[in-house]
Amino acid sequence: MSLIELEKIFQDKIDKEIRIEPKDWMPEKYRQTLIRQISQHAHSEIVGMLPEGNWITRAPTLRRKVTLIAKVQDEAGHGLYLYSSAETLGISRDEMVSQLNSGKAKYSSIFNYPTTSWADMGAIGWLVDGAAIMNQVPLCRNSYGPYARAMVRVCKEESFHQRQGFEILLVLSRGSEAQRKMCQNAINRWWWPSVMMFGPGDDASPHTAQSMKWKIKRFTNDELRQKFIDICAEQVKLLGMTLPDPDLKWNAAKGHYDFGAIDWTEFWNVVAGNGPCNKERLEARNKAHDDGAWVREAAVAYARKQKDKLSQTKVA
Ligand code: 3HC
């Protein structure tokens, strides 16, 4: 059979909503697109454990701690299902991880922003997991069987994540003045990065048109972004908080919210690894090396330990 015939049979299957399975013939570009997207997705789940993992020991109550641990563990599970699903396309997990480490493979821009307060755990759950679900529910119907099936479980867990985040913010929004301020501040910092998570606008997205044709994507980046903004603009009212966008306004004619301009320069900088988190973390690390702070800290800690040991021996 010629390549053209094979491609026609393949596209017919997709048009008829028949899933493509690992042993089916598929165009090389379809395979590569899936590897790129699924591995980026898996890396995002794993890297996404880091900012929240930092807050497990600082969660304010036992209930919050247990919930946060469960959420972070879920993200690890999502990464594993997704790596397994990418492996069915003929790439090994080692290869994917080394592509992440070398910077060849991307992960979601959102995880390059720092988590500076407890309210950030709420804002991440509500906004970041909320944006992730908006994008991931349609992925349960994507054309590649192993990816679509993995997404069913991922989405169930993500909706718990979104609710736990909203509930954290709801409690803070009904708390003291300081808690309300912390809540608003976290929303202000996480709003625009979450809006950007959907990727570049459709006019600047090189992959959307082909991925829609192959039904890897069911909606474009801008369509999903608009749905997310419409939902959040209503939900924020329940918190008695605001979204940091003076241009956010209901447009009755369109049946959607209009919103302000997105800072795409920031988006591409963050994707390239120059996000606020990378920058601050890197600067702090370099400074600590340069002025010898790490060595001093280690020496002080060692001296303190020795002193404690000595005083314990005396007591005994
Ligand atoms: N962060 C980093 N890179 C991004 C990005 C983002 N938020 N959005 C797009 N990009 C990259 C693309 O990977 C692509 O890079 P490449 O050409 O070098 O490979 C480039 O920008 C152009 O974007 P396109 O829109 O043309 O790319 P896609 O068609 O792949 O669409 C996507 C981007 C919508 C993110 C799509 O890949 C997708 O739906 N991926 C699956 C879902 C996913 O990865 N979500 C990440 C978040 S998961 C998560 O947050 C965990 C949760 O627990 C919170």
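**Entry 1: terms and overall build**

For my notes, a helix is a DSSP run of H or I with at least four residues, and helices are numbered from the N terminus. With that settled, I looked up lysine 237 and found this residue in helix α10. I am working from a predicted model.

I then asked what the secondary structure of the protein comes to, and I noted 13 helices and 2 strands. Along the principal axes, the C-alpha atoms fill a box of roughly 85 × 50 × 35 Å. I also looked up how much of the protein is buried: the chain has 316 residues, and 46% of them are buried. The accessible surface is about 17000 Å², and carbon and sulfur atoms account for 58% of that area. For contacts, I took pairs of residues at least 6 apart in sequence; 74% of these contacts join residues at least 24 apart.

**Entry 2: the ligand**

Next I went to the ligand. How many residues surround the ligand, and which are the closest? I found 31 around the ligand, with Gln40, Glu75, Lys106, His207 and Lys217 as the closest. I sorted the shell by type and got 12 nonpolar, 12 polar and 7 charged residues. Helix α2 gives the most to this shell, namely 6 residues.

I looked at some polar pairs between side chains and ligand oxygen atoms. In glutamate 75, a polar side-chain atom sits 2.6 Å from an oxygen atom of the ligand. For asparagine 221, I read 2.8 Å between a polar side-chain atom and a ligand oxygen atom. For glutamate 158, an N or O atom of the side chain is 3.0 Å from an oxygen atom of the ligand. I then checked cover: the ligand alone exposes 1000 Å², and the protein buries 92% of that area. The shell draws two or more residues from each of α2 (28-47), α6 (119-136), α7 (145-173) and α11 (264-271).

**Entry 3: nonpolar cores**

I turned to the interior. The largest nonpolar core has 46 residues, and I listed the ones with the most contacts inside this core: Trp118, Trp126, Ile187, Trp190, Trp191, Phe228 and Leu243. Which elements supply at least two residues each? I found α4 (62-87), α6, α7, α8 (177-196), α10 (221-239) and α11. Helix α6 provides the largest share, 9 residues.

I picked tryptophan 126 for a closer look. Setting aside residues up to four places away in sequence, I found that tryptophan 126 touches Gln162, Gly165, Phe166, Leu169, Ile187, Cys232, Gln235, Val236, Leu239 and Leu243. A second core, separate from the largest one, has 24 residues, with Leu34, Leu82, Met96 and Tyr144 among them.

**Entry 4: glutamine 164**

I looked up glutamine 164 and found this residue in helix α7. Is glutamine 164 buried or exposed? I count glutamine 164 as buried because its relative accessibility is 10%, and the cut-off for buried is under 20%. A polar atom of its side chain lies 3.3 Å from the backbone oxygen of histidine 161. Beyond neighbours within four places in sequence, glutamine 164 contacts Thr67, Lys71, Met121 and Gly125.

**Entry 5: positive phi values**

I went looking for backbone oddities, bearing in mind that most residues other than glycine have a negative phi. Glutamate 17 has a positive phi, near 65°. I placed glutamate 17 in the loop between α1 (3-15) and α2. Its relative accessibility is 46%, so I wrote down glutamate 17 as partly exposed.

Lysine 215 also turned up with a positive phi, near 60°. I found lysine 215 in the loop between α9 (208-213) and α10. What does its accessibility say? At 16% relative accessibility, lysine 215 counts as buried.

**Entry 6: back to lysine 237**

I closed with the residue from my opening note. Lysine 237 has a relative accessible area of 52%, so I call lysine 237 exposed, as the cut-off for exposed is over 50%. Which side chain does lysine 237 reach with its own in a polar contact? I found tyrosine 257 there, at 3.5 Å. I also checked lysine 237 against valine 195: they are 42 residues apart in sequence, and their C-alpha atoms are 18 Å apart in space.

Definitions and conventions: Residues numbered from 1 in each chain as written. Predicted model: local features only at pLDDT ≥ 70, side-chain atom pairs only at ≥ 80, totals over all residues. Heavy atoms only, no water. Near = heavy atom within 4 Å. Polar contact = N/O pair within 3.5 Å; in protein donor to acceptor, adjacent residues only side chain to side chain. Areas by Shrake-Rupley, 256 points an atom, 1.4 Å probe, with all protein chains shown as cover. Nonpolar A, V, L, I, M, F, W, Y, C, P; charged D, E, K, R; others polar. Buried < 20%, exposed > 50% of the residue type's maximum accessible area, 1.4 Å probe, protein only. Contact = heavy atoms within 4.5 Å. Core = buried A, V, L, I, M, F, W, Y, C linked by side-chain atoms within 4.5 Å.
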